[in-house]
Amino acid sequence: MRHSIPALLALAVLTSSPMARAQSTDILLNCSTCHTVNTTGGTAGRGIYPNLNGQPARYIERQLNAFRDGLREHRQMSLTATALGQGAGAMARLYADAPTPHLEFRVPSGAHETALDLVNEGDWSRGLPPCASCHALDPEDDRARTAPRVHGQPEAYLGQQLRAYADGTRKSDPMGRMRAFSEVLSPDEISALARYYAAWETPPAESPRQDTEAEND
């Protein structure tokens with residue numbers, strides 16, 4: 001199995017801490033079991049884990065620290081973040097440098113009126129700015145450099161995280177902004193937003209045979 005230079009550098013940092021040395025190399029690199037780093041930028045995680053490829057490094061590192069410090073609740077991630085120790089930044093950069101998924105909207109827009117209103121317009125009567133003001137699709141957009149890309153993330157994961165913000169069990173948001181926004185969303189609005197963002201998908205890759213046939217046309 002070939003490792004990229006960033007992956008090898010990350011491993012070197014991870015294995016330098018005493019806590020990391022207590023873990024095997026396989027376990028340290030086991031992040032890819034749920035959060036796949038691949039060369040195509042495709043989605044991963046069996047529909048329940050977030051895709052970290054191309055996410056802002058500062059965001060990923062902040063979330064690892066949140067799991068370690070109890071601001072987010074997930075036993076496996078808390079153990080992993082603690083084991084990473086000072087290697088959290090290196091792991092964050094590894095995923096930030098991974099290929100960003102190419103996403104396309106795969107569901108007719110007519111099925112997402114509620115979500116589109118919140119994404120594009122917000123609801124200022126409830127203090128809700130447009131979701132797009134922070135969560136832009138283009139990862140190069142400055143608005144999205146400290147906020148995660150939520151387009152293309154699993155529907156179940158997105159709904160779970162919005163509900164965790166709403167009930168206060170996830171406290172990793174700067175200045176409590178996501179908690180304030182989520183707690184005024186209705187359950188139906190949370191479901192609508194999760195469904196909309198999950199509708200951005202990686203197009204299925206064409207097979208070599210299809211490519212050959214296209215060249216012969």
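Which residues does His 35 touch, not counting residues up to four places away in sequence? In this predicted model, the residues touched by His 35 are Tyr 49, Pro 50, Leu 52, Met 77 and Tyr 95, once those up to four places away in sequence are set aside. His 35 itself belongs to no helix or strand, but lies in the loop between helix 4 (31–34) and helix 5 (57–69). The relative accessibility of His 35 is 11%, and because the limit for a buried residue is under 20%, this loop residue counts as buried.

The setting for these contacts is a protein with 12 helices and two strands. Read from the N terminus on, the elements follow the order α-α-α-α-α-α-α-β-α-α-α-α-β-α. Of the 217 residues in the protein, 40% are buried, and the accessible surface comes to about 12400 Å², with 54% of that area belonging to carbon and sulfur atoms. Among the contacts in the protein with a separation of 6 or more, 66% are accounted for by residues 24 or more positions apart.

Aromatic side chains provide a further view of how parts of the chain are brought together. The count of aromatic pairs comes to three, and one of them is formed by Phe 105 and Tyr 196, whose ring centres are 5.5 Å apart. The planes of these two rings stand at 50°, and the pair is therefore described as tilted, since the label edge-to-face is kept for planes over 60 degrees apart and stacked for those under 30. This pair links distant parts of the chain, with Phe 105 in strand 1 (residues 104–105) and Tyr 196 in helix 11 (residues 187–198), 91 residues apart.

The two partners in the tilted pair are not covered in equal measure: Phe 105, at 27% relative accessibility, counts as partly exposed, whereas Tyr 196, at 7%, counts as buried. Tyr 196 also forms an aromatic pair with Tyr 197, and in this case the arrangement is edge-to-face, with 5.1 Å from centre to centre and 65° between the planes. Tyr 197, like Tyr 196, is buried. Taken together with Trp 200, the residues Phe 105, Tyr 196 and Tyr 197 form one aromatic cluster, in which Phe 105 is contributed by strand 1 and Tyr 196 by helix 11.

Note on methods: Residues are numbered from 1 along each chain as its sequence is written. This is a predicted model: local features need pLDDT of at least 70, side-chain atom pairs count only at pLDDT 80 or more; totals for chains, interfaces and linings use all residues. Side-chain values use heavy atoms; hydrogens and water are left out. Helices (H or I, at least four residues) and strands (E, at least two) are DSSP runs, numbered from the N terminus. Buried means under 20% relative accessible area, exposed over 50%, partly exposed in between (1.4 Å probe, protein chains only). Contact means heavy atoms within 4.5 Å. Accessible areas come from the Shrake-Rupley method with a 1.4 Å probe; for residues, only the protein chains shown count as cover. Rings of Phe, Tyr and Trp (its six-membered ring) pair if their centres lie within 6.5 Å; planes under 30 degrees apart count as stacked, over 60 as edge-to-face and the rest as tilted.
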